[in-house]
Amino acid sequence: MASADLIRSCRDSIRQISDKLADSILYLDAGCLEAFQFIGAFKVLLELGVHSICSLENASPLDAIVSWNSMFVGPAKKVVIITSRLLSDAHRYILRCLGTHGTVLQCIIYTSISEIAHSVHVDSPLGPDAFHEYETLLVQDYEELLKKSEKKRLQQGREAEKLTGRVEFSAKLFVSVDHFPMIFCPLSPRLFILPSEGTVAEACLSTNSENSISPGLPSLSTGSSSDGDDVPPGATLTANFLYHLVEKMDLKMEIFSLGDTSKIVGKMMMDMSSLYDVGRRNKRSAGLLLIDRTIDLLTPCCHGDSFLDRLLSSLPRRERILSSLPAMMSQAPKIDAHIKVQRAPLDIRVPFGAIFDKNESVSNLSEGMTAFASGWSSGAIESKSDDHTDKFTTDAVQHEVDLLGGSFLSNNSGTNYLETLLDRRAKDGAILVKKWLLETLRHEKLNLSLKGRSGSFSASELHTLLERLAQNQMSLIRNKDIIQLALAAEMVLGEPRSSHWDAFVNAEKILAVTSQDTSQSLSSQIRDFINTSILLRSNEQDKRIGPSHSVLSFQDALLLSMIGYILAGESFPTSASTGPFSWEEEHSLKEAVVDAVMENPSSAKLHFLHGLSNELAAKLDKEKDDFSKPSELDDFDDQWGNWDDEDTDNQNAQAFDDMQLKLELRDRVDQLFKFFNKLSSLRQRNSTLREGLAAYSRYGSDMETQKSLLYKLLTTLLANYDVPGLVYHSSAVGRFLKSGFGRFGLGQAKPSFGDQSVLFIFVVGGMNSLEVREAMEAVAEYGRPGIELIVGGTTLLTPNDMFDLLLGSSSSF
């Protein structure tokens, strides 16, 4: 049988609906656009006869006259919509899309959410026959929309608009809804995540309970089973997605789970498998390992040695697509609706425009881009004056450069850069980028005059090579992929980002070493990081000194505090009844945080300070005013007679307000440290961490103890040792034998995860690229020859993402 390939499976799924796509205008929502760029789907879609590919959230009447396919003749009669959202969530976009195309007679809708998932989702109003119900509702709403539009035109006396080709009421709109499950982002043939703006990734993975730490992460695992009413919507959607994914890839799963939420997902998949897959034995056997992200929070919080992690952490992402269509105010908000998790798109925005700033040889191309952008912004041209010419030119060029450049995280022809960089360390990745750049220069037959070792790397040397490669328009456009990648490497590994990352790495090493000492030493070190963060603002105020790149901010210090508490929970599980530190140690840490916030009121944007932003901002403004006021010592004698009780009252009132603010702040900080103590209790709550990986201690070394938990878990499973807390969900065939032939002694023995030919790992809540590399290492070192590894997760996490999930805008704290 052919090897499992995520990208090939996605493309094959698109070709299977080629008859539906032919001669249509295709609309993709933000999640589908993000997913399709990773498989190179746009070329395939155009080959299948699609007229044009448009954004569903920002549909426009101009979409009807723009064609990417030269075979397109006449007005469009068919619209195909693919969405990664619930039909109820996408309805307003779909309805407006149809309203902009009056000649459309057929609307074909594909959703990545199955009909069963629609019927059980708490935010979906559709029932068991969800797809047919929605077909009827959409036709009714569309006809009502046409009637309102026609009535409005008649009232305004615009009878001539009937000649524009708008459909008559007698022409019935045909609507069909079907399931298209292959909507995910395959970063390589063996690695995938969910689209950041799709319903599955945005759904809550934990309910509002004592063990919940973030809507975007599973609850802390305790080993207790959850009632049916408490199942988070993200677990249901994830189970449905994974079931249909493995079905499309012709895999028969032996399901294993580690963690309470993963256990729910595994049970749901087993139930679906028992309903539909009994007797189908012609599939490849594969082991599916479901893991809760909360089993190991430490790894994604730390700054590991990964080239891709640095890219994702340092460079800006594409902003989430915002619709120009206002929300339907007539719809009352759902009382029990869950919060949606705002995940950052994986589409990295590489600053391609930096080439134009320093390379005069491509000025003609930039002028052409300016003219092109001006053609779409005639209003800007008319209002443009000489004073604003430079600004308009810069903005226009940057806009068109962004369209030309975009993200390098897509499937390129030839070398698949992303797949190759997945398992690279920071230095190895940079050297590999330099190697690709040199090969491209040789292919372009450009002269090179380099000094130094071929295996060395410096940002200045890389920039010199970039300028050489982008010396003319054709070379720039022809090699834009490697230019973007080299630009990203130059920015990430140059200053100030490199120093900031290294400062994090050093601080995390200090915490790891100190955690092996005493709780007093660890708490003292955390307090030092918090106190040092105050120096960053002091240096920024002193223009003569300037900020130091190696100084970590207060937000950085809070992330280090979380890391320190997790480490403390592992090293000092019985130090205190409420946490790993004594009352005195924790009180000292709390006071350090309070002082840091009072010294730096701009930290009010932090989520745990929500509601205090106005008071803290006022305090900051007052400090600025006091700092800017001239000294009044010279006027001391003149003001002697003006000092009275009123000034004293004002001072007392200000002191009282400051005291009230500080008391409220202390309450918030108390809640913050209760959250830290919850994170430190991971080991006590979970049997896998509490009992440890028994087999791993038999052959682990000091170097290997620094590996992620996923690496240790995989090596233990591949060695066929038992893992505490690991649950096996019997396959459909196993259930059939146990319920029937098992009575005659033909029961099926529990299979081993490591004995399967395909190993499928999915991290519920997200993973980071360091874990992907270590999973590959574990299979290569301890697995059997010929094992295929597939790794997936809700999203790709960086330390910044973890901070946002735990303490930022996506936290429940």
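This report covers salt bridges, a buried threonine, backbone features, a serine in a loop and cavities in a predicted model.

Residues are numbered from 1 along each chain as its sequence is written, and side-chain values use heavy atoms, with hydrogens and water left out. Because the model is predicted, local features need pLDDT of at least 70 and side-chain atom pairs count only at pLDDT 80 or more, while totals for chains, interfaces and linings use all residues.

**Salt bridges**

The count comes to 17 salt bridges. A salt bridge here is a side-chain nitrogen of Lys or Arg within 4 Å of a carboxyl oxygen of Asp or Glu. The table gives three of them, including the distance between the closest N and O atoms.

| Acidic residue | Basic residue | Closest N and O atoms |
|---|---|---|
| Asp-5 | Arg-8 | 3.8 Å |
| Glu-771 | Arg-293 | 2.8 Å |
| Asp-670 | Lys-590 | 3.1 Å |

Where do Arg-293 and Glu-771 lie? Arg-293 is in the loop between strand 9 (284-292) and helix 11, and Glu-771 is in helix 33 (residues 769-782), so the pair ties together parts that are 478 residues apart in sequence. Helices (H or I, at least four residues) and strands (E, at least two) are DSSP runs, numbered from the N terminus. Arg-293 is buried, with a relative accessible area of 2%. Glu-771 is buried too, at 3%. Buried means under 20% relative accessible area, exposed means over 50%, and partly exposed is in between (1.4 Å probe, protein chains only).

The Asp-670 and Lys-590 pair ties together parts that are 80 residues apart in sequence, because Asp-670 lies in helix 27 (residues 645-680) and Lys-590 in helix 25 (residues 583-599). Asp-670 is partly exposed at 28% relative accessibility. Salt bridges that share partners also join Arg-293, Asp-296 and Glu-771 into one network.

In the Asp-5 and Arg-8 pair, Asp-5 is buried, with a relative accessible area of 16%. Arg-8 is partly exposed, at 34%.

**Thr-299**

Thr-299 sits in helix 11 (residues 298-301). Is Thr-299 buried or exposed? Thr-299 is buried, with a relative accessible area of 12%. Its side chain makes a polar contact with the side chain of Asp-296, at 2.5 Å. A polar contact is a pair of N or O atoms within 3.5 Å; within protein, one must be able to donate a hydrogen and the other to accept it, and residues adjacent in sequence count only if both atoms are side-chain atoms. Leaving out residues up to four places away in sequence, Thr-299 touches Ser-708, Leu-709, Asn-768, Leu-770 and Glu-771. Contact means heavy atoms within 4.5 Å. Asp-296 and Glu-771 thus appear again: both belong to the network with Arg-293.

**Backbone features**

Which residues does a cis peptide bond join? The bond joins Glu-495 and Pro-496, with omega about 5°. Pro-496 lies in the loop between helix 21 (480-493) and helix 22 (497-514).

Asp-23 has a positive phi near 60°, and Asp-23 is a residue other than glycine. Its place is the loop between helix 2 (18-21) and strand 1 (25-28). Asp-23 counts as exposed, at 53% relative accessibility.

Asn-720 also has a positive phi, near 65°. The loop between helix 31 (709-718) and strand 10 (727-729) holds Asn-720. Asn-720 is partly exposed, at 45%.

**Ser-757**

Ser-757 is in the loop between helix 32 (732-739) and strand 11 (758-764). Ser-757 is partly exposed, at 32% relative accessibility. Beyond residues up to four places away, Ser-757 touches Arg-284, Ser-285, Arg-784, Gly-786, Ile-787 and Glu-788. A polar atom of the Ser-757 side chain lies 3.1 Å from the backbone oxygen of Ser-285. The C-alpha atoms of Ser-757 and Leu-789 are 8.8 Å apart, with their positions 32 residues apart along the chain.

**Cavities**

The structure holds seven cavities of 30 Å³ or more. A cavity is a set of points, on a 1 Å grid over the protein atoms alone, where a 1.4 Å probe fits but cannot get out; lining residues have an atom within 4 Å of a point. Grid points are joined across faces, edges and corners, and a volume is the space filled by probe spheres set on the points.

The second largest cavity has a volume of about 100 Å³. Twelve residues line this cavity, and the closest to its centre are His-121, Asp-123, Glu-202, Ala-203 and Lys-340. The lining divides into five nonpolar, three polar and four charged residues. Ala, Val, Leu, Ile, Met, Phe, Trp, Tyr, Cys and Pro count as nonpolar, Asp, Glu, Lys and Arg as charged, and the others, Gly among them, as polar.

Key. On a 1 Å grid over the protein atoms alone, a cavity is a set of points where a 1.4 Å probe fits but cannot get out, and a pocket is an open set with protein on both sides within 12 Å along at least five of seven lines; lining residues have an atom within 4 Å of a point.
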